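Trainee: Could you take me through one strand of this model up close, with its neighbours on either side?

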Amino acid sequence: MNAHPSTPYALPDAPRDFSLLIDGSLIPVSDREPIDRTSPAHRRLVSRYPRATAADTDSAVAAAKTAFEKTDWATMPGAARARLILKVAELIREHKAELAQIEALEGGKPVSAIEGEIDVSVDLWEYAATLARHAYGDTYDTLGKDTMGLVLRQPIGVVAMITPWNFPLLILSQKLPFALALGCTAVVKPSELTSGTALLLGELLQKAGMPAGVVNILAGSGSTIGMQLCSHTDVAVVSFTGSTEVGKTISRAAADTLKRVSLELGGKAAHIVFADADLEAAADKVAFGILHNAGQCCVSGTRLLVQRSVAEQFSQAVAAQIKSVRVGDPLDPTVKVGPVISKQQYETIGSYIAIGKEENATLMLGGTQSLQHGGVDGYFVEPTIFADVSPDMRIAQEEIFGPVLAIIPFDTVDEALEIANSTIYGLASGVWTSNLDTAFKCARGLRSGTVEVNTYIAGAPELPLVGHRQSGVGHEKGRFAVEEFTELKTVQLQFGPLTDRWVPKGN
Ligand code: NDP
C-alpha cells in the first residue's frame with residue numbers, strides 16, 4: 001500500500017528477494033538458506049538475502065583471481081574500464097528510487113537523506129572513472145648515460161570490501177569504482193543488516209556488461225565469511241569500513257598473509273563553535289551533524305564544544321533547531337530522522353543516556369526512547385542533549401552512535417583543541433568561526449583526518465577520507481585512492497654495449 005501517494009515510496013506487502021553474484025552468475029535466495037531482514041521502522045520482513053557459504057566465498061575469490069590474472073581486465077585500456085564504470089553510474093541514477101526504498105526499509109533512514117546519498121554515489125562512480133585514465137608511475141632518466149629507471153604502478157589484485165550498515169551503497173561507492181578503475185577485481189561483503197542495495201548493484205553490474213568474476217557480491221556474517229576473506233591467501237587487500245573493534249580483529253586476521261589493510265573506523269567528532277561565528281548557520285549544521293541518520297554516522301558531530309561567552313545562548317538555539325526536526329516514518333519524504341537500526345543499537349544508546357545521567361551531566365533535551373512514533377512501530381530514540389559535560393565523561397569519550405549530543409564549554413582556542421583531541425579517535429571535526437587565524441590554527445591543530453570550517457559533512461569525491469589514530473589506517477576517495485589499490489614495480493633498463501662485468505674478462 002502506498003502511504004505516501006505523491007512519492008514512489010511504499011511499504012511493500014511482501015519481502016523482496018535478492019541474489020548473490022559469483023563469477024557472473026546470480027544465485028537466488030531459493031538456492032541458499034535465507035537471511036531475513038526486518039525493517040527497523042515498521043518491524044516487517046522486507047528483504048531476504050541468500051546466505052553465502054564458505055564454498056561460495058572460496059568460489060568468489062577464485063573467480064576474482066581468475067578475472068584478474070587470466071582475463072584482460074587489468075591490462076585493457078583505462079578508457080575502456082572508465083566507460084564501463086560510467087555505465088554503472090548511469091544505471092545507479094536510473095534506479096535511484098528503487099535503491100532509496102530498499103535502504104529506507106532495511107536501515108530506517110529517511111528517503112530524503114538516501115536520495116542525496118545516491119546522488120553522491122553516482123558522483124563517486126563518475127569521478128573514479130577519471131582515475132582509470134590517470135593512474136601512472138614514474139620515470140628516472142637521471143641514473144646514467146646507459147641506464148633508465150621506470151616505476152610502474154600496477155593494480156594489486158583481488159580486493160575484499162567489507163562494509164557497515166549505515167551508508168550501504170555510499171560506502172561501497174567509496175571503494176568499488178576506485179578499485180575497478182585501477183584494474184583490480186573485487187569480492188564484496190556488505191553488512192548482514194543492509195545488504196539489499198549491494199546485491200541489487202550486482203544486477204546493475206551485470207546489466208552494464210561487467211565481465212564475469214570482476215565483481216562478486218556475497219551476503220553473510222562478518223564472523224564467518226568476513227573472516228574467511230580477511231585470512232584468504234588470494235585476497236591482496238582488505239578494504240574495511242566499520243567499528244574500531246572489528247577493525248583491530250581484521251588487522252590481526254590479515255597479518256598472517258601480510259595483506260594490505262585499509263581501515264575506515266569509528267569516531268567521536270567535535271564540533272567547535274567560537275563566539276564570532278555565524279551562530280544561526282552553525283546551529284543548523286550542529287543539529288544536522290548529530291541527527292543525520294539518527295546519529296549513526298562515523299562523522300556524527302557528537303561533541304559540541306562551544307565558547308563559554310555564547311554557550312547558553314547557542315545551546316538553546318541548537319535545542320530549538322533540533323526540536324523543529326520531524327521524526328517518523330523513513331518512507332515519508334518530509335521526515336528527517338527515522339528509527340535507529342536495531343534493537344541492539346536502541347539498547348546501547350539507552351545505556352549511554354543512563355550513563356550520562358549517572359555522570360551528572362545535565363539532561364537538557366530528550367532522553368526518552370519509544371517503540372512507536374507517529375503511528376510507526378520502530379526503534380525511536382528522541383534527539384537528546386546533555387549540557388555541562390566534562391571532557392573525560394564516558395559520553396564525551398566513547399562512540400555512542402545515536403542522536404545524543406554532549407555540550408562542553410571552553411574559553412580559548414588552545415583549550416578547545418586540547419578537548420577536541422582528547423579521545424582515542426581522529427576522524428572528523430567541525431569549526432565555526434569568522435576569524436581566519438582561528439580557522440587555520442584549528443585546521444592545523446586538530447588531530448583528525450578531516451577538518452571542516454563553516455560547513456559540516458560536505459565532502460567531495462576529490463577529497464580523501466582519512467582516519468587518524470584509532471579512526472583508521474589508509475584512506476579512500478580522491479586521487480590518493482590510487483595508492484590503496486595499486487603497487488609499485490621498479491624496472492631498470494641497461495642499454496648496450498653491455499660491458500660491465502662482475503668478473504673481469506680473462507680472469
Ligand atoms: P561493524 O564493525 O560491526 O561491522 C562492519 C562490517 O564488518 C559488517 O559487514 C560486519 O558484518 C563485518 N564484520 C563484523 N565482524 C567481522 C569480523 N570478525 N571479520 C570480518 N568482518 C566482520 O560495524 P557496523 O556495521 O556496526 O557499523 C558501525 C561502525 O562503522 C561504527 O563504529 C562507525 O563509526 C563505523 N563507520 C566508519 C566509517 C568511516 O568512514 N570511518 C563510516 C561508517 C561507519 P555483519 O555485521 O554483517 O556480521
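Mentor: Sure, and one term before we start: two strands count as paired if DSSP finds at least two bridges between them. Keep in mind that this is a predicted model.

Let's look at strand β11, which covers residues 237-241. How many of its residues are buried? Five of its five, so to speak of it as mostly covered is fair, given that buried means under 20% relative accessible area.

Now for the side chains. In a regular strand they alternate between the two faces of the sheet. Here, Val 237, Ser 239 and Thr 241 point one way from β11, while Val 238 and Phe 240 point the other way. Whichever way they point, all of these residues are buried.

Next, the neighbours. One of them is strand β8, made of residues 158-162. β8 and β11 pair in the parallel sense, with four bridges between them. If you want a spot to click on, find Ile 162: its bridge partner in β11 is Phe 240.

Another neighbour is strand β12, residues 260-264. It runs parallel to β11 too, and five bridges join the two. Here you can pick out Ser 239, which stands opposite Ser 262 in β12. And how does the chain get from β11 to β12? Which helix does it pass through? It goes by way of helix α9, residues 244-255, in a β-α-β crossover that is right-handed.

So try tracing it yourself: start on β11, follow the chain through α9, and finish on β12.

Terms used:
Residues numbered from 1 in each chain as written. Predicted model: local features only at pLDDT ≥ 70, side-chain atom pairs only at ≥ 80, totals over all residues. Heavy atoms only, no water. Buried < 20%, exposed > 50% of the residue type's maximum accessible area, 1.4 Å probe, protein only. Right-handed = clockwise from strand over helix to strand, strands pointing away.
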